[in-house]
Amino acid sequence: MALAVTLLNAASFHGGCCRHKVLLSLLGPLLSNSKLYSSYRRPGAEPEKKPSWRNVDFSFKKSIDHLKTQLSLLKKETRDYLKGPRGSPVSQHVLEQTRVLWQFRSQEDLNQWVISSDVEIGGKSKVHIKLGRNNQAALLYGTLNTEVPRDGETKYSGYCSMRSKPAVGSFNRKKYYDWSNFNSLYLRVRGDGRTWMVNIYTDPYFSHLKDDLYSYFMFTRGGPYWEEIKIPFSKFFLSSRGRVQDNQHPVWLDKASRLYLKFHLKRQTLGFTIGDKIDGPFQLEIDFIGLLNDRAHKEEFAYETYDKNTPV
């Protein structure tokens, strides 16, 4: 334990982010309630002077419990790997036409998602999530406010989003969703007539691609009835830091880490965003999010692709 304190002291003294990443992998069980990385800080605000590791609960029992949990996860992953893809026989995996990724029936299902808004940059939008009537859906609701913070730097504001947590395996290894057997995203929702943006984040091979997102729009019709929405993956377009890229290419379906549902004004992860520049309340009910292999859909990619440097 003294060695851990010494290492944390050294990392705090040198202030190196990469040192924190190395220590986090070694001391993860001890740091679950701590925060080594700095959160968003408003321009001109004073940084925290107290080292974050001082809030760490050094518990030997907690470390042993964490090790047991990770070993049991590793055992399950090994058994599923030997059995077949996702723990199912190969024949069943090949013939699979639909798959439910997220279904909202309990608080545990909601805990797989994270909500955020422009409050992080000083905005005034509000977003909440809870279980719907009879615990049969997730209800995402809030208020969109496009008023720009008066900090002299922020130019745009007014967004709320909901994104899935990255998939992790035993010992906090990165895991990816393999959606290569499917060609469409399939959702059952009930909206209020506003437009949402669905974003897919794929974990890139290179650091300069870390801001790349694949996006497409989801139009809700409003009213009392549920609607089933199918979005082909061929329709998703590539953007980086809010700018649509000239060089387009299809989604890497075998490297998906998260999904974003974003309601926006203007890390594979799936998410939803709202941001249509219309101030006021919004709500979206989501029954499930799944995948579909539509045999009638033959389109490979909806956008023009070309070589940047045309061969002579």
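Select helix α3 first, residues 60-83 of this predicted model, and place a distance between the C-alpha atoms at its two ends. At 1.5 Å a residue, its 24 residues should span 34 Å, and the end C-alpha atoms are 35 Å apart, which agrees. Moving on from the helix, select glycine 84, which follows α3 and has a positive phi near 155°.

Stay with α3 and show the side chain of leucine 67, which is found in this helix. Leucine 67 counts as partly exposed because its relative accessibility is 39%, a value that falls between the limits of 20% for buried and 50% for exposed. Now add Leu71, Leu74 and Phe171 to the selection: together with Leu67 they form a nonpolar patch on the surface, with about 340 Å² of accessible area. As background for viewing a helix, an α-helix has 3.6 residues a turn, so residues three or four places apart point the same way.

Next, select glutamate 77 and arginine 173, whose side chains meet in a salt bridge with an N to O distance of 2.3 Å. Glutamate 77 is in helix α3 while arginine 173 lies in the loop between β5 and β6, so this pair ties together parts that are 96 residues apart in sequence. Arginine 173 is partly exposed, with a relative accessible area of 37%.

In that loop between β5 and β6, select asparagine 172. Asparagine 172 has a positive phi of about 60° although it is not a glycine, and at 52% relative accessibility this asparagine counts as exposed. For comparison, select asparagine 134, which lies in the loop between β3 and β4 and also has a positive phi of about 60° without being a glycine. Asparagine 134 is exposed, with a relative accessible area of 63%. The background to both stops is that most residues other than glycine have a negative phi.

From the loop that holds asparagine 134, continue into strand β4, residues 138-144, and select alanine 138. Is alanine 138 buried or exposed? Its relative accessibility is 1%, and therefore it counts as buried. If you show what surrounds alanine 138, leaving aside neighbours within four places in sequence, you will find contacts with Phe104, Leu110, Ile129, Lys130, Leu284, Glu285 and Ile286. A C-alpha to C-alpha distance drawn from alanine 138 to valine 189 comes to 9.4 Å, although the two are 51 residues apart in sequence.

One of the contacts of alanine 138 is Glu285, so select that residue next, in strand β14, residues 280-292. Glutamate 285 has a relative accessible area of 11% and is therefore buried. Not counting residues up to four places away in sequence, glutamate 285 touches Ala138, Leu139, Arg188, Val189, Arg190 and Trp226.

Arg188, which is among the residues that glutamate 285 touches, leads to the next stop. Select arginine 188 together with aspartate 287: they form a salt bridge in which the closest N and O atoms are 2.8 Å apart. Aspartate 287 is buried, with a relative accessible area of 7%, whereas arginine 188 counts as partly exposed at 24%. Adding Arg105 to the selection shows a network of salt bridges that links Arg105, Arg188 and Asp287.

For another pair, select lysine 235 and glutamate 299, whose side chains meet in a salt bridge at 3.4 Å, N to O. Both ends are partly exposed, lysine 235 with a relative accessible area of 26% and glutamate 299 at 33%. A search of the whole structure finds 10 salt bridges.

Now hide the charged side chains and turn to the interior. The largest nonpolar core has 35 residues, and those with the most contacts inside it are Phe104, Leu185, Met218, Ile231, Phe233, Phe236 and Ile289. Strands β3, β4, β5, β6, β7, β8, β9 and β14 each supply at least two residues of this core, and the largest share, five residues, comes from β14. In soluble globular proteins, nonpolar side chains tend to be buried together.

Finally, zoom out to the whole protein chain, which has five helices and 14 strands. Of its 312 residues, 40% are buried, and the accessible surface comes to about 19200 Å², with 53% of that belonging to carbon and sulfur atoms.

Methods. Residues numbered from 1 in each chain as written. Predicted model: local features only at pLDDT ≥ 70, side-chain atom pairs only at ≥ 80, totals over all residues. Heavy atoms only, no water. Helix = DSSP H or I, 4+ residues; strand = E, 2+ residues; numbered from the N terminus. Buried < 20%, exposed > 50% of the residue type's maximum accessible area, 1.4 Å probe, protein only. Areas by Shrake-Rupley, 256 points an atom, 1.4 Å probe, with all protein chains shown as cover. Contact = heavy atoms within 4.5 Å. Expected span 1.5 Å × (residues − 1). Patch = residues over 30% accessible without salt bridge, like charges linked within 9 Å, V, L, I, M, F, W, Y side chains within 5 Å. Salt bridge = Lys/Arg side-chain N within 4 Å of Asp/Glu carboxyl O. Core = buried A, V, L, I, M, F, W, Y, C linked by side-chain atoms within 4.5 Å.
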